[in-house]
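Here are some short exercises to work through with the model open beside you. Try each task before you read its solution.

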Amino acid sequence: MANKQVTVATIKEMKQKGEPITMITAYDVAMSRNVNEAGVDMILVGDSLGNVILGYNSTVPVTMDEMIHHTKAVMRGNSTALVVGDMPFMSYQASIVDAMYNAARFLKETGCTAVKLEGGSEVVPLVERLTQAGIPVCAHIGLTPQSVNQLGGFKVQGKDIAAAQKMIDDAKALEAAGAFACVLECVPAALAAKVTSELKTMAIGAGNGCDGQVLVCNDLLGVSTGFCAKFVKKYANLHDTTVEAVKEYIADVKARTFPAPEHTFKIDDAVLEKLY
């Protein structure tokens, strides 16, 4: 269990020692407290909150204000984990000036340590500027959800020679630009292991040859039913637990067995007698 603040230096040290790094995507204060108590190394406040929390069909509609709002909540519950704020769609693609301003908002308004942004060689100049300004950057290559329309859907990336070579080249360029870590999403395990030789990698659907793993808290806890990605392992089934608990509550209310005497407050009979 983590007992001291995890920093960028800590993550680099873990990479050198070969100690696997744990990262969980969380969106609120309650989950932040829970995963901190469990001892997670890093928390990503992902723009996946668009799908998971806000009910959007993709991450594209998520705004900077929504990301700031949820990152603040996570920081209120955080004690030791390194928290990364996810730069939402079009908060950094238009210009370096916009990107610098929005990235600074994360650190200034929420107190988180780093930002994450998607892309390879095309974002290298931005990564350089951000790191030069003292803003740690976690990169993200492979399946990049903000570009899902261009990619033609959610599918494994880097399967042909050109795409695989670009991923390796991008990883080298991002490392040289100063990114302290990189999320690899939906990448063949052997390719991800090769990329890991170039920089610190966090896998989500990229095998166990990476430096660490990422899962969305709602996925690993089994909060919802429906589609479940191949790379997800459900460590609990909170959906069924929640539904059954609410059913019991409804039944108790209908039967007037809740609230029971132990759940209520008393008033002196003498007071009641004087009321009219």
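**Exercise 1. Classify I250 as buried, partly exposed or exposed, and place it in the fold.**

Solution. Start with the relative accessible area: I250 has 41%, so it is partly exposed (buried is under 20%, exposed over 50%, partly exposed in between, with a 1.4 Å probe and protein chains only). Next, find its element: I250 sits in helix α11, residues 238-254 (helices are DSSP runs of H or I with at least four residues, strands are runs of E with at least two, numbered from the N terminus).

A note on the model: it is predicted, so local features need pLDDT of at least 70 and side-chain atom pairs pLDDT 80 or more, while totals for chains, interfaces and linings use all residues. Residues are numbered from 1 along each chain as its sequence is written, and side-chain values use heavy atoms, leaving out hydrogens and water.

**Exercise 2. Check the length of helix α4 and find what covers its buried residues.**

Solution. First, the length: at 1.5 Å a residue, the 14 residues of α4 (64-77) should span 20 Å (the expected span is 1.5 Å times one less than the number of residues). The end C-alpha atoms are 20 Å apart, which agrees. Second, list the buried residues: M64, M67, I68, H70, T71, A73, V74 and G77. Third, look at their cover, which includes α2 (29-38), β2 (42-45), α3 (49-52), β3 (82-86) and α5.

**Exercise 3. Describe the setting of N102.**

Solution. N102 belongs to helix α5, residues 96-110. With 11% relative accessibility, N102 counts as buried. Leaving aside neighbours within four places in sequence, N102 is in contact with M64, M87 and S91 (contact means heavy atoms within 4.5 Å).

**Exercise 4. Which residue forms a salt bridge with D65, and which elements does the pair tie together?**

Solution. The partner of D65 is R105, with the closest N and O atoms 3.0 Å apart (a salt bridge is a side-chain nitrogen of Lys or Arg within 4 Å of a carboxyl oxygen of Asp or Glu). D65 lies in helix α4 and R105 in helix α5, so the pair ties together parts 40 residues apart in sequence. R105 is buried, at 14%. To finish, widen the view: D65, R105 and E109 are linked in a network of salt bridges.

**Exercise 5. Compare K166 and D170: which is buried and which is partly exposed?**

Solution. Their side chains meet in a salt bridge of 2.6 Å, N to O. Both lie in helix α8, four residues apart, about one turn of the helix. K166 is partly exposed at 42%, whereas D170 is buried at 7%.
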